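The following exercises concern salt bridges and the burial of the residues that form them. Each task is followed by a solution in steps.

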Amino acid sequence: MAAEKAAEMASKNVAPTNAFAYAPAPESRSVVDIAPSYGLFIDGEFTDAAGGKVFKTVSPSTEEVLSEVAQAGAEDVDRAVRAARKAFEKWSALPGAERAKYLFRIARIIQERSRELAVLETLDNGKPIKETRDFDLPTVAAHFFYYAGWADKLGHAGYGADPRPLGVAGQIIPWNFPLMMLAWKIAPALATGNTVVLKPAETTPLSALFFADICRQAGLPKGVVNIITGDGSTGAELVAHPDVNKIAFTGSTGVGKAIARQLAGTDKRITLELGGKGANIVFDDAPVDQAVEGIVTGIFFNQGQVCCAGSRLLVQESVHDEVLDALKRRLSSLRIGDPLDKNTDLGAINSAEQLSRIQALAETGEAEGAERWSPACELPSAGYWFAPTLFTNVTQAHTVARDEIFGPVLSVLTFRTPEEAVAKANNSQYGLSAGIWTEKGSRILAVAGKLRAGVVWANTFNKFDPTSPFGGYKESGHGREGGRHGLEAYLDV
């Protein structure tokens, strides 16, 4: 009866009265000291931008201005690249074991400062503290530890007996996982003997600037890592610089295509990790409660602002109602609010611009006839917020089933046979991720082998390991990051 009552309340968009109540458990902001302004980190020192321009970085959950940050122009980008080129001569000549010492040192400092960095990331990004604390920071440290181990073993990585570094790597990272994307790019670049000029996203620059301080704390030679902050024009200057040997970009498919066109015909190496519209496939023999937890993790982790999010739920027709009822009950228990509260499940959307995009696409879904549902929840009055949302009665022609929303919005479709599930999962311009939920190991192997996705999870979702490569097909980009495969992108093989 209790389950029936909860299902009835969920269908009426009413929060269950017996929901657990949690007392506030806020993390202290006092563990992080944010300066009122930051310059560019070039050649081991913080410096003002040549043009003197600055921009503000804002906390998405409160719209509070956290700091002013320098806007790098063409002259600043050139200074950073020249510093990286000069440092490359000595850094690339170091024995791998010596480079490894710096990477190990950086990894240990990240662990020592993990609480500070987690609070900083939550303030600047908007994601819950339990995600930055329990996922982001451990993953960041793990990547530096992992690639430190490769630094003196490159001859055994399968890319020749004596693979050489490329030179200066220009790296552009997004705002959804600022520190983690930094680690994915900087760690293999340094392990292989390259030097780096990195541009963080303009809405989340602070953790990269704190990382610059970690580089100094670790004694990293000047110029090996340079951090230049700014908007898209700064990234464009970095991509176009003639003395950059490699571009690594994670971000939107549109920008990735523009970069690919610009670099076509040049000798610059490029890796692109772009958008996604991951399919999460639930078969009729899947354990429903476990699958529901995986569905929630797949799309509502980091407010759905994940390139590999399981944003398309494909449910076998015979269990559609059971799965949907359980999913609505689970969503009614999610806690939305202050990201610094350790009980919070969903934090704020990263920016006003991203919130507007999510709202527009959700409205399009309704206008096209899909049925929209959200649990009863009270959103904070300040900041950028969007309630967890389901769309049912969705077809493959609906915009919400085709376009990457990059928010806490799940589109639910059905299928009858494994062949239909594969066909619908692959019916996308993207090919980054997929999930399979079933108790049959043979079905997992059979379906996974037919899915055109770079990463396929079985009975789990959004699990990452530094030893495992990550990347996509089609408009999700090309190249791989992570694992042994992630070394190749920074080596002349």
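**Exercise 1.** Determine how the side chains of Asp78 and Arg82 meet, and how far apart the two residues lie in helix H2.

*Solution.* The two side chains form a salt bridge, with 2.9 Å from N to O; the term requires a side-chain nitrogen of Lys or Arg within 4 Å of a carboxyl oxygen of Asp or Glu. Next, both residues belong to helix H2 (residues 74-93), where they are four residues apart and therefore separated by about one helical turn. Helices here are DSSP runs of H or I with at least four residues, numbered from the N terminus. Finally, Asp78 has a relative accessible area of 27% and is partly exposed. Buried means under 20% relative accessible area, exposed over 50%, and partly exposed in between (1.4 Å probe, protein chains only).

The model is predicted: local features need pLDDT of at least 70, side-chain atom pairs count only at pLDDT 80 or more, and totals for chains, interfaces and linings use all residues. Residues are numbered from 1 along each chain as its sequence is written, and side-chain values use heavy atoms, leaving out hydrogens and water.

**Exercise 2.** Identify which parts the salt bridge between Asp213 and Arg113 ties together.

*Solution.* The closest N and O atoms of Asp213 and Arg113 are 3.1 Å apart. Asp213 lies in helix H7 (residues 206-217), whereas Arg113 lies in the loop between helix H3 (96-112) and helix H4 (114-125), so the pair links parts 100 residues apart in sequence. Arg113 is buried at 13% relative accessibility, while Asp213 is partly exposed at 29%. Through shared partners, salt bridges join Glu45, Arg113, Glu116, Asp213, Arg216 and Lys222 into one network.
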